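Please open the model in your viewer and keep the selection panel at hand. The stops below go from the whole chain to single residues.

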Amino acid sequence: MTAPERVDQALLICAVALVLIAGGLLLARIWRGPSMLDRAISLDVCAALIIAGLGAKSAFDRDPFYFPIMLVLAFLGFTGSVGIARFIAVRDRPRDPAGSPPHSDDPQEGSR
């Protein structure tokens, strides 16, 4: 094995070790997360870690087979994050006791 191959292998081992450490910390955040938003963000980071792991495996094998899978996972992670953010935004919106829309202090708001 040549010197560049040994450097490549060492860097890939370090990358996989960092992904595993980040995964462990991520599981702790999902378990302990004080709010639902923390857990939602942690699940989004989980998707990113899976993509990073597949990228490391693809680099280790020198095989581009996993690139379309990584692209689909990135799309699903993005749409899932947007969906969760919209759900939390609707859930946390303040409501008037009478059920009317929230009052705006902006005098120009009514003329639009």
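What follows is a tour in five stops, each beginning with something to select.

Before selecting anything, note that this is a predicted model, in which local features need pLDDT of at least 70 and side-chain atom pairs count only at pLDDT 80 or more, while totals for chains, interfaces and linings use all residues. Residues are numbered from 1 along each chain as its sequence is written, and side-chain values use heavy atoms, with hydrogens and water left out.

Begin with the whole chain in cartoon view, where there are three helices and zero strands, arranged α-α-α from the N terminus on; helices here are DSSP runs of H or I with at least four residues, strands are runs of E with at least two, and both are numbered from the N terminus. Of the 112 residues in the chain, 14% are buried, where buried means under 20% relative accessible area, exposed means over 50%, and partly exposed lies in between (1.4 Å probe, protein chains only). Contacts are heavy atoms within 4.5 Å, and among those between residues at least 6 apart in sequence, 38% join residues at least 24 apart.

Next, select helix α1 (residues 3–32), where Leu-25 is found. Leu-25 is exposed, with a relative accessible area of 62%, and together with Leu-18 and Ile-21 this residue makes a nonpolar surface patch of about 340 Å².

Then select Cys-14 and Cys-46, and ask how many disulfides the structure holds. The count is zero, a disulfide being a pair of cysteine sulfur atoms within 2.5 Å. Cys-14 is partly exposed at 45% relative accessibility, and Cys-46 is also partly exposed, with a relative accessible area of 27%.

Move on to the loop between α2 (36–61) and α3 (67–91), and select Arg-62 there. The phi of Arg-62 is near 55°, a positive value in a residue other than glycine. Most residues other than glycine have a negative phi. Arg-62 counts as exposed, at 64% relative accessibility.

Finally, select α3 and display its side chains: which of its residues are buried? They are Met-70, Gly-77 and Ile-88, and what covers the buried residues of α3 includes α2. A distance drawn between the end C-alpha atoms of α3 comes to 36 Å, which agrees with the 36 Å that its 25 residues should span at 1.5 Å a residue, since the expected span of a helix is 1.5 Å times one less than its number of residues.

How values were computed: Patch = residues over 30% accessible without salt bridge, like charges linked within 9 Å, V, L, I, M, F, W, Y side chains within 5 Å. Areas by Shrake-Rupley, 256 points an atom, 1.4 Å probe, with all protein chains shown as cover. Salt bridge = Lys/Arg side-chain N within 4 Å of Asp/Glu carboxyl O.
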